[in-house]
Amino acid sequence: MLFLLLGKVSGCARWMALLVAAGCFTSCAWLDFSSQSGKSTLWRVKGESNTVYLMGSVHILPKAAYPLKPAMNRAFRDSQRLVFEIPLGADEQEKALRDTLRAGLYPKGETLSENLTPETLAMLKGTLPYFNIPLEKLEPIRPWLVSDLLLNLYLEKQGYSADLGIDMYFLAAAQKSKKPISALETVRDQTVPFAKFSDRAADTYLRDTLSGLPFTVAWFRQMAAAWRGGDVPALEAVVLSTQQKDRYFHKTVFTDRNDHWMPAIRGLIGRKDNYLVIVGAGHLVGQEGVVEQLRRAGFRVEQM
């Protein structure tokens, strides 16, 4: 979710604007989004007096992802209020950027290069010409934020954009319809796990991102296709792969946040208004996901 925010508010900071300017759209990754059949990555929970929809988001998409499946737009029309992971309104974006920079920049006098192993630094130097970014522009930035920025720029080069993500699509629709929006957490909540990275963990995180860039688009196509088709087993396999690769990352990014959200989401069931809750698709699937947690709590959750 962080690179969604970075893509949206990058122009608010000079160094981030430089990075975005380097990420021109040079090609468009092919992905067949044309099918309108089958399930959606969308669930419905019926309370005694209202309905709560749970929509899985992909935060960055190509134009080919639209139009969306009808069930998603119907859920929006049937909802009086929307809930996102983090505040996305214009008033909150400046504060969100400040929180991101507070967590993602080194103290004055400390640099990225001096905190990386020689191997990771060499890999970074070899990658940056592809983005036409000088290393000097990244020196004030911590490895996890560099990772997210480069991943965002790489996907943009393949025709994906945070502006086309599900969150942004329904945020614009909510603003046009004047539907109230709220959030499950703050940007600061999201940056805490990364801020706690040890030097070794941060170095590994950046190195894994750099080494994985050539495979990113193929992986993203598979994940986005699973999302488009409402293919729960395939989405669960994506989430499980993160758990197997890095348990700390999986716990902090998925498990802990899911658990943190559950009281708020359960609290929406039974209110007067209908709600559309939009979070990353990976948070809704798997045994630790929001959908299964609601089912274990006794709620009837139906995929649409």
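Buried means under 20% relative accessible area. The model used in these exercises is predicted.

**Exercise 1. Decide whether R228 is buried or exposed, and find what its side chain reaches.**

Step 1. Locate the residue. R228 lies in helix α9, which spans residues 199-228.

Step 2. Apply the cut-off. The relative accessible area of R228 is 6%, so R228 is buried.

Step 3. Follow the side chain. It reaches the backbone oxygen of A65 at 3.4 Å. The side chain of R228 also reaches the backbone oxygen of P67, at 3.3 Å.

**Exercise 2. Classify A224 in the same way, and give its C-alpha separation from S57.**

Step 1. A224 is found in helix α9.

Step 2. Its relative accessible area is 0%, so A224 counts as buried.

Step 3. Now turn to S57. Along the chain, A224 and S57 are 167 residues apart. Their C-alpha atoms are separated by 9.7 Å.

**Exercise 3. Describe how α6 and α9 pack.**

Step 1. Pick the quantities. Two packed helices are described by the angle between their axes and the distance between the axes.

Step 2. Read them off. Helix α6 covers residues 143-157. The axes of α6 and α9 come within 9 Å and cross at roughly 15°.

Step 3. Classify the angle. Angles under 35 degrees count as roughly parallel, so α6 is roughly parallel to α9.

Step 4. Add the hand. The crossing of α6 and α9 is right-handed.

Step 5. Name residues in the contact. From α6 they include W144, L151 and Y154. From α9 they include Y205, L213 and F220.

**Exercise 4. Find the size of the largest nonpolar core and the helix that gives the largest share of it.**

Step 1. Recall the tendency. In soluble globular proteins, nonpolar side chains tend to be buried together.

Step 2. Take the size. The largest nonpolar core has 88 residues. L54, L124, F170, W227 and L294 have the most contacts inside it.

Step 3. Find the share. Helix α9 supplies the largest share of this core, 10 residues.

Step 4. Look at one hub. Leaving aside neighbours within four places in sequence, L294 is in contact with eight residues listed here: V45, L54, M262, I265, R266, I269, F299 and V301.

**Exercise 5. Summarise the whole chain: helices, strands, burial and contacts.**

Step 1. Count the elements. The protein chain has 12 helices and six strands.

Step 2. State the burial. Of its 304 residues, 55% count as buried.

Step 3. Consider contacts with a separation of 6 or more. Residues 24 or more positions apart account for 86% of them.

Technical notes:
Residues numbered from 1 in each chain as written. Predicted model: local features only at pLDDT ≥ 70, side-chain atom pairs only at ≥ 80, totals over all residues. Heavy atoms only, no water. Helix = DSSP H or I, 4+ residues; strand = E, 2+ residues; numbered from the N terminus. Buried < 20%, exposed > 50% of the residue type's maximum accessible area, 1.4 Å probe, protein only. Polar contact = N/O pair within 3.5 Å; in protein donor to acceptor, adjacent residues only side chain to side chain. Core = buried A, V, L, I, M, F, W, Y, C linked by side-chain atoms within 4.5 Å. Contact = heavy atoms within 4.5 Å. Axes fitted to C-alpha atoms, helices over the stretch in contact; angles between N-to-C directions. Parallel < 35°, antiparallel > 145°, perpendicular 65-115°, else oblique. Left-handed = near helix turned anticlockwise from the far one by under 90°.
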